[in-house]
Amino acid sequence: MRRGDLTNAEWERLAPLLPPEEFLPFDDSRRSRPRTGHRAAINGMLHQARTGEHWRDLPQRFGCWVAIYKRHRRWAADGTWQQLLSAIEVVQGTCTQTPDGTSSRRPTLRAVPPPAPRRKRAAPSDPVLARLRAHLAEVVSRRTV
């Protein structure tokens, strides 16, 4: 694990929320590299969102850049990124859950002026979720590059 990669604690929180991995059947006639796992692919997507480099320039440790790019595009198109971010926000408490199961972010703009600033800000209830939410928000905001 390197700087900027998902920590084990973040991965434990994120893994159950991800779609199931698609495994390719083993075939002796086809000689290809093994499929990139979700964790390596997400780390590659986070690296790309953080650095802004081209997908083609992703380091090889994340896997095949084409597979990571296609997975990112697929997850952006089908709403997986937004669902992950919403699920983390619901768990963290920065999002409200409606009775029909959908979630909506709390509005950041208020019609009334904000209260006077406090001396101390309350720490987030779970720093792992706060970091994970920041990672996902960065990827969602970038969409595609």
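1. Helices α3 and α4. In this predicted model, the axes of α3 and α4 cross at roughly 70° and come within 5 Å. An angle from 65 to 115 degrees counts as roughly perpendicular, and the two helices therefore stand roughly perpendicular to each other. On the α3 side the contact is made by H72, W75, A76 and D78; α4 contributes T80, W81 and Q83. By class, the residues of this contact divide into three nonpolar, three polar and one charged.

2. Helices α2 and α3. The second packing to note joins α2 and α3, whose axes lie 10 Å apart at an angle of about 85°. That angle makes α2 roughly perpendicular to α3. H38, A41, I42, G44 and M45 of α2 meet I68, R71, H72 and W75 of α3. Five residues of this contact are nonpolar, three are polar and one is charged. H72 and W75 deserve a look in both packings: they are among the α3 residues that touch α2, and also among those that touch α4.

3. Overall arrangement. The protein chain has five helices and two strands. Along the sequence these follow the pattern α-α-α-α-β-β-α, so that the two strands come between the fourth and fifth helices under numbering from the N terminus. Of the 145 residues, 30% count as buried. Among contacts between residues at least 6 apart in sequence, 65% join residues at least 24 apart.

4. The nonpolar core. In soluble globular proteins, nonpolar side chains tend to be buried together. Here the largest nonpolar core has 24 residues, and L14, I42, W81 and L136 have the most contacts inside it. The elements that give two or more residues to this core are α1 (8-14), α2, α3 (65-78), α4 (80-92) and α5 (127-142).

5. W81. This residue of α4 takes part in the contact with α3 and is listed among the core residues with the most contacts. Leaving aside neighbours within four places in sequence, W81 is in contact with I42, M45, H72, W75, A76, L136, V139 and V140. Two of these partners, I42 and L136, are themselves on the list of core residues with the most contacts. I42 and M45 also appear on the α2 side of the packing of α2 with α3.

6. Salt bridges in general. Side chains of opposite charge can pair when their charged atoms come close. A search of the whole structure finds three salt bridges. They are taken one at a time below.

7. R61 and D5. The closest N and O atoms of this salt bridge are 3.1 Å apart. R61 sits in the loop between α2 and α3, while D5 is in the segment before α1, and the pair links parts of the chain that are 56 residues apart. R61 counts as partly exposed because its relative accessibility is 36%. D5 has a relative accessible area of 9%, so D5 is buried.

8. R131 and E10. Their side chains meet in a salt bridge at 3.2 Å, N to O. Since R131 lies in helix α5 and E10 in helix α1, the pair ties together parts that are 121 residues apart in sequence. The relative accessibility of R131 is 40%, so R131 counts as partly exposed, whereas E10, with a relative accessible area of 1%, is buried.

9. E89 and R133. This salt bridge brings the closest N and O atoms to 3.0 Å. E89 belongs to helix α4 and R133 to helix α5, 44 residues apart. E89 counts as buried at 1% relative accessibility, and R133 as partly exposed at 26%. Here too, as with R131 and E10, the acidic partner is the buried one.

10. N43. Helix α2 (residues 38-51) contains N43. The relative accessibility of N43 is 7%, and N43 therefore counts as buried, the cut-off being under 20%. Not counting residues up to four places away in sequence, N43 touches D5, L6 and F62. D5 is also the partner of R61 in a salt bridge. The C-alpha atoms of N43 and T7 are 10.0 Å apart, and the two residues are 36 apart in sequence.

Methods
Residues are numbered from 1 along each chain as its sequence is written. This is a predicted model: local features need pLDDT of at least 70, side-chain atom pairs count only at pLDDT 80 or more; totals for chains, interfaces and linings use all residues. Side-chain values use heavy atoms; hydrogens and water are left out. Helices (H or I, at least four residues) and strands (E, at least two) are DSSP runs, numbered from the N terminus. Buried means under 20% relative accessible area, exposed over 50%, partly exposed in between (1.4 Å probe, protein chains only). Contact means heavy atoms within 4.5 Å. A nonpolar core is a set of buried Ala, Val, Leu, Ile, Met, Phe, Trp, Tyr and Cys residues joined through side-chain atoms within 4.5 Å. A salt bridge is a side-chain nitrogen of Lys or Arg within 4 Å of a carboxyl oxygen of Asp or Glu. Axes are lines fitted to C-alpha atoms, for helices over the stretch in contact, and angles run from 0 to 180 degrees between N-to-C directions. Angles under 35 degrees count as roughly parallel, over 145 as roughly antiparallel, 65 to 115 as roughly perpendicular and the rest as oblique. Ala, Val, Leu, Ile, Met, Phe, Trp, Tyr, Cys and Pro count as nonpolar, Asp, Glu, Lys and Arg as charged, and the others, Gly among them, as polar.
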